[in-house]
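Please look through the structure below with its interior and its charged side chains in mind. The report that follows takes these two topics in turn.

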Amino acid sequence: MTHAIPVHDYIRSDPFEVATCWQHGLTEPTALPATSRTPREALEAAILPALVEGPCYVTFSGGRDSSAVLAVATDLARRKGLPDPVPVTRVYPDLPESDETEWQELVVSHLRIENWLRLEFTEDETDLIGPAARLSIRQHGILWPPALHSHGLVYRHLSGGAMLTGEGGDAVLDARRITPLTLLRRRRRATRRLWSDAAKALAPAPVRRRQIARDLEVSDPQLWLRPDVARRHERLAAADEAKQPLRYDNATWWINSRRFWATMTTNQSLIASTYGVRTADPLLDAGFLAALAHAGGIWGFNGRTSTMKALFSDLLPPALLARRTKASFNNAYSGRYTREFATAWDGTGVDTELVDPEALRAMWLSDTPTMSTAMLLHQAWLASQSES
């Protein structure tokens, strides 16, 4: 059973944001607040309400972020005499590139977890315009991030309660702009790549903006965008990234100002609430960010693995802390429903001043689909429904 909520509560995207599938911009900067908590204490404070109000679930892929949240929540629950959180895992038997069973079982065994909810999805159930997504798009409209429209397939298996996620882990636990300088200061072997990265970190903001824009053009070309639209996207994204402060503590607190986090957490919580589920992203919690910033000080940690070891080495196995691989889930969202629609699509329903329809169709039908075209897919599909 779901409950309708007012659609105007969602944070909506404008046509440019739909075309680029991105949320540019930063909120007004605020000063890093003082805190006496350690990062672990702050993370536990962010997690505790979900455990107390229960039942508590954790989205669990076997990656480092979701494993960290699950480990801290499990340890906290046992110390407080509360029920263990339940890891919830999406399983795609038809997509071997998404298989993380080995890592998942390593963590579940290490934490001695007995209750594990594994949900199998077959027959393109999580396709971006599969039956479940279509129902959600009709009910809630076009949203960022677009994968939210498949989350109901998970929420409907829960008994209310709270769902903790590992969202934000890549941004919060990874290296900062200052990290190459930190490694040199700590006498890490100075390779040519490290010296180059250190020079980029110290470059003036206009130089860093141009470099980041060039890197985006090469690493993430959005060929379905009109050339002037693509350049504007790269310019805005680079301008945001170039504002990252140099010091680790200030750069960590600065993450809190990125506009897309507020959009994600708001839209995610509203979708979940229609299933009676509350969501929380403890790695993005302001108290945790502040505590992590103070713990890292000016220079911070030596990188992602160093940060994981500093925060979670007493809870997670060493192999997981140092894990560098990631599974791919893009094909979980682009199946036969997307291909059938793209093949028959007449090019209408999207803003052709922003987008080249033929290039867009080619991306939808490619063997390497990208989520960056997902909002346009929702937009075109929704328009086709109003015409039929």
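In this predicted model, the largest nonpolar core holds 104 residues, and the members that touch the most others are Ile-47, Phe-288, Phe-312, Leu-316, Trp-364 and Leu-376. Helix H3, which spans residues 64–80, supplies the largest share of this core, namely eight residues. When neighbours within four places in sequence are left aside, the contacts of Ile-47 are Val-69, Val-72, Ala-73, Leu-76, Leu-164 and Pro-282.

A polar residue can be described in a similar way: Gln-222 lies in the loop between helix H10 (205–219) and helix H11 (227–241), and it counts as buried because its relative accessibility is 6%, which falls under 20%. By contrast, Arg-210, found in helix H10, is partly exposed, with a relative accessible area of 48%.

Side chains of opposite charge can pair when their charged atoms come close. The whole structure contains 15 salt bridges, and the table lists some of them.

| Salt bridge | Closest N to O distance |
|---|---|
| Asp-314 and Arg-40 | 2.6 Å |
| Arg-79 and Asp-75 | 3.0 Å |
| Asp-197 and Arg-193 | 3.2 Å |

Asp-314 lies in the loop between helix H15 (304–312) and helix H16 (318–321), while Arg-40 belongs to helix H2 (residues 39–53), so this pair ties together parts that are 274 residues apart in sequence. Asp-314 is exposed, at 55% relative accessible area, whereas Arg-40 is buried, at 19%.

Arg-79 and Asp-75 both lie in helix H3, four residues apart, about one turn of the helix. Salt bridges also link Asp-65, Asp-170, Arg-304 and Lys-326 in a network.

Notes. Residues are numbered from 1 along each chain as its sequence is written. This is a predicted model: local features need pLDDT of at least 70, side-chain atom pairs count only at pLDDT 80 or more; totals for chains, interfaces and linings use all residues. Side-chain values use heavy atoms; hydrogens and water are left out. Helices (H or I, at least four residues) and strands (E, at least two) are DSSP runs, numbered from the N terminus. Buried means under 20% relative accessible area, exposed over 50%, partly exposed in between (1.4 Å probe, protein chains only). A nonpolar core is a set of buried Ala, Val, Leu, Ile, Met, Phe, Trp, Tyr and Cys residues joined through side-chain atoms within 4.5 Å. Contact means heavy atoms within 4.5 Å. A salt bridge is a side-chain nitrogen of Lys or Arg within 4 Å of a carboxyl oxygen of Asp or Glu.
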